[in-house]
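User: Please pick one part of this model and take me through it closely. I'd like the terms spelled out as you go.

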Amino acid sequence: MFLGMFKRGLLAGLKTTWTLGKVIFPVTLLVSILQYTPVLDWIVKGISPFMKVLGLPGEASIPLVLGNFLNLYAAIGGILSLDLTVKEVFILAVMLSFCHNLLIETGVALKVGVKLWIILSVRIGLALASAIMINLFWHGGGELAQYGSLKSRGGDVSGALPILMNGMETALMGILKLAIIVIPLMVIIQILKELKWLEKVSEALGPMMKVLGMNKNASMTMATGLILGLAYGAGVMIQAVQEDGVSKRDATLAFIFLVACHAFVEDTVIFIPLGIPVWPLFLIRVITAFILTMLVSYLWKRSEMVKLRKEASYEHI
């Protein structure tokens, strides 16, 4: 019995890795190559004039570009190369928590069926709004941030072929890391599902899902995304949408919540060495996730009710 469940979980894991790998490989390869061209510098120069509105110096656009094109670790490497105040680093941390790894995670969202304009407007909107509000209302944090003994790491690669090979290695390593997490996860979920244990998880998370305006069958998606993040949680989400009857509405609401608060442990802890207060960062993400998801759910239901009323009135005419 367990062998059959293991095989089905393994197959689901391989299928999910292939689906996500088709997004991750080309994007990672392209961005890795772009790092050795003037393109990222052009983007940085284009963004710099707008940075003052966010309470940041022009050079702070470097970690923002790195974080959105690559990931949080690349962004932190960019931060470590700059002399910034605690307030400036905190603003960057909040922005990057809401909006990072944008190309890959947007591709993942599209695979799930979330519309492009929704994922981009929510992520970019949250990042910009949070920066402006922190800049306006927090008047402290003027001292220089202390990075301790951390150093930015960078690799010197030159020549077209070495750059291409480095990009391919980075992309393949990204897929390998994905597979190492996703395949065992899908096997475990398959076993839990067939043993009916996931029903207990759904029951436990039921009150939270109800508050957020979602059905209980989206609970495993939420739990995985909260712990592992959007890219890894998407594997479960894709399977849930295909097999467990998770509606496009619930998948969209789940993604909106997870955009604000995903991989909440890892994505918070990694900022600790930068010398910023991480508890406010954590609370901002959690509170924003709940408020935003409940608001969108309410407006969505209200829009559907208005639509039904209009249709009913047309039928009476």
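**A close look at H3, H4 and H5**

Analyst: Helix H3 passes helix H5 in a right-handed crossing, meaning that the near helix is turned clockwise from the far one by less than a right angle (anticlockwise would be left-handed). Before going on: this is a predicted model, where local features need pLDDT of at least 70 and side-chain atom pairs count only at pLDDT 80 or more, while totals for chains, interfaces and linings use all residues. Residues are numbered from 1 along each chain as its sequence is written, and side-chain values use heavy atoms, leaving out hydrogens and water.

Helices here are DSSP runs (H or I, at least four residues), numbered from the N terminus. H3 covers residues 61-69 and H5 covers residues 86-98; their axes come within 10 Å and cross at roughly 20 degrees. That makes H3 roughly parallel to H5. The axes are lines fitted to C-alpha atoms over the stretch in contact, with angles from 0 to 180 degrees between N-to-C directions; under 35 degrees counts as roughly parallel, over 145 as roughly antiparallel, 65 to 115 as roughly perpendicular, and the rest as oblique.

Who's touching whom? On the H3 side you have Pro63, Leu64, Gly67 and Asn68, and on the H5 side Leu92, Met95 and Leu96, with contact taken as heavy atoms within 4.5 Å. Sorted by type, the residues in this contact are five nonpolar, two polar and no charged. For that count, Ala, Val, Leu, Ile, Met, Phe, Trp, Tyr, Cys and Pro are nonpolar, Asp, Glu, Lys and Arg are charged, and the others, Gly among them, are polar.

Now bring in H4, residues 72-80, whose axis comes within 11 Å of the H5 axis, crossing at roughly 165 degrees. H4 and H5 are therefore roughly antiparallel to each other, and this crossing is right-handed too. Leu72, Ala75 and Ile79 of H4 meet Val89, Leu92 and Leu96 of H5. That contact splits into six nonpolar, no polar and no charged residues. Leu92 and Leu96 of H5 turn up in the H3 contact and again in the H4 contact.

The remaining pair is H3 with H4: they pack at about 165 degrees, with axes 7 Å apart. These two are therefore roughly antiparallel as well, and H3 passes H4 in a right-handed crossing. Pro63, Leu66 and Gly67 from H3 meet Ala74, Ala75, Gly78 and Ile79 from H4, a contact of five nonpolar, two polar and no charged residues.
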